[in-house]
Amino acid sequence: MSVAANSGETPPGPPEPRRIVLLRHAKADWPQVSDHERPLAERGRTDAPVAGRKLADTGIAFDLALCSTAARTRETWKLAVHELPHRPRTVYEERLYEASLGELIALLNEVPDEVRSVVVIGHNPGMHALSDALAGSAEGDALTRMNRGGFPTAAFSVLSFDGSWKSLEHGAGTLVDYWAPHD
């Protein structure tokens, strides 16, 4: 008989699944600057806080935010994070800009195991491809809505998975939710 059974305590259950939210930057403008320095357009500055409120509605308390160093992703995160009840530690990660699917998974494999939930603020086609690749299954019509919409600006997907970050691979997650503005 275990100590927990003798003491009348309930043994701990399995840990909560890890959560990954993949947020595409809001609508960017096209001024005469390098692609990396493109700022948000007016619609992007309107959509980013709305996406932040929808992120807050998920109830996920993010432990970590990984944000591309591009101006439009930094600006999206700055506007969205103010809508969250808890501000996570934010790491601005150069490797998110123009990252391939394999590079995105490798980056998530580096997340420390004490982190339970992470939000990634990045670009397409990476955010859509990563959502699709990680989703071995989906709840409700989330996958249909995500693929029908094509992951527009300010959209996000919510995935869950069990195991360590190092074990994250294609098909390891469940697409729990998908949201896009103007749907």
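This passage describes the central strand, the nonpolar cores, the helices and the largest pocket of a predicted model.

Strand β1, which spans residues 18–24, is largely enclosed by the rest of the structure, because six of its seven residues are buried. The strand is paired with two others. Six bridges join β1 to strand β6, formed by residues 156–161, and these two strands run antiparallel; six bridges also join β1 to strand β4, formed by residues 117–122, but in this case the strands run parallel. Ile20 illustrates the arrangement on both sides, since its bridge partner in β6 is Leu159, while in β4 it stands opposite Val118.

Leu23 also has its place in strand β1. Its relative accessible area is 0%, which lies under the 20% limit, and Leu23 is therefore classed as buried. When neighbours within four places in sequence are left aside, the contacts of Leu23 include Ala51, Leu55 and Thr76, the run Val119, Val120, Ile121 and Gly122, and also Met127, Ala154, Ala155 and Phe156. For one of these residues, Ala155, the separation in sequence is 132 residues, whereas the C-alpha atoms of Leu23 and Ala155 are 5.9 Å apart in space.

The largest nonpolar core comprises 29 residues, of which Ile20, Leu66, Leu108, Leu134 and Trp165 touch the most other members. At least two residues of this core are supplied by each of the strands β1, β2 (64–68), β4, β6 and β7 (173–179), and likewise by each of the helices α4 (101–109), α5 (126–134) and α6 (142–149). Helix α4 gives the most, with four residues. The surroundings of Ile20 can be described in further detail: with residues up to four places away in sequence not counted, Ile20 touches Leu108, Val118, Leu134, Ser157, Val158, Leu159, Phe161, Trp165 and Leu168. Another core, of 21 residues, lies apart from the largest one, and among its members are Leu40, Leu55, Ala65 and Leu84.

Two helices were examined for burial. Helix α5 is mostly covered, with seven of its nine residues buried; these are Gly126, Met127, His128, Leu130, Ser131, Ala133 and Leu134. In helix α3, which spans residues 71–81, the buried residues are Ala71, Arg72, Thr73, Thr76, Trp77, Ala80 and Val81. The elements that cover these buried residues of α3 include the strands β1, β2, β3 (89–93) and β4, together with helix α2 (42–57).

A charged residue is also found among the buried positions, for Glu93, which has its place in strand β3, has a relative accessible area of 14% and so falls under the 20% limit for a buried residue. Beyond its neighbours within four places in sequence, Glu93 is in contact with Cys67, Ser68, Thr69 and Leu107.

The largest pocket has a volume of about 230 Å³. Its lining consists of 19 residues, and those that lie nearest the centre of the pocket are Arg24, His25, Arg72, His123 and Asn124. By residue class, the lining divides into eight nonpolar, five polar and six charged residues. One of the residues nearest the centre, Arg72, is also among the buried residues of helix α3.

Methods:
Residues numbered from 1 in each chain as written. Predicted model: local features only at pLDDT ≥ 70, side-chain atom pairs only at ≥ 80, totals over all residues. Heavy atoms only, no water. Buried < 20%, exposed > 50% of the residue type's maximum accessible area, 1.4 Å probe, protein only. Pairing = 2+ DSSP bridges. Contact = heavy atoms within 4.5 Å. Core = buried A, V, L, I, M, F, W, Y, C linked by side-chain atoms within 4.5 Å. 1 Å grid on protein atoms, 1.4 Å probe; cavity = no way out; pocket = protein on both sides within 12 Å on 5 of 7 lines; lining within 4 Å. Points joined across faces, edges and corners; volume = space filled by probe spheres on them. Nonpolar A, V, L, I, M, F, W, Y, C, P; charged D, E, K, R; others polar.
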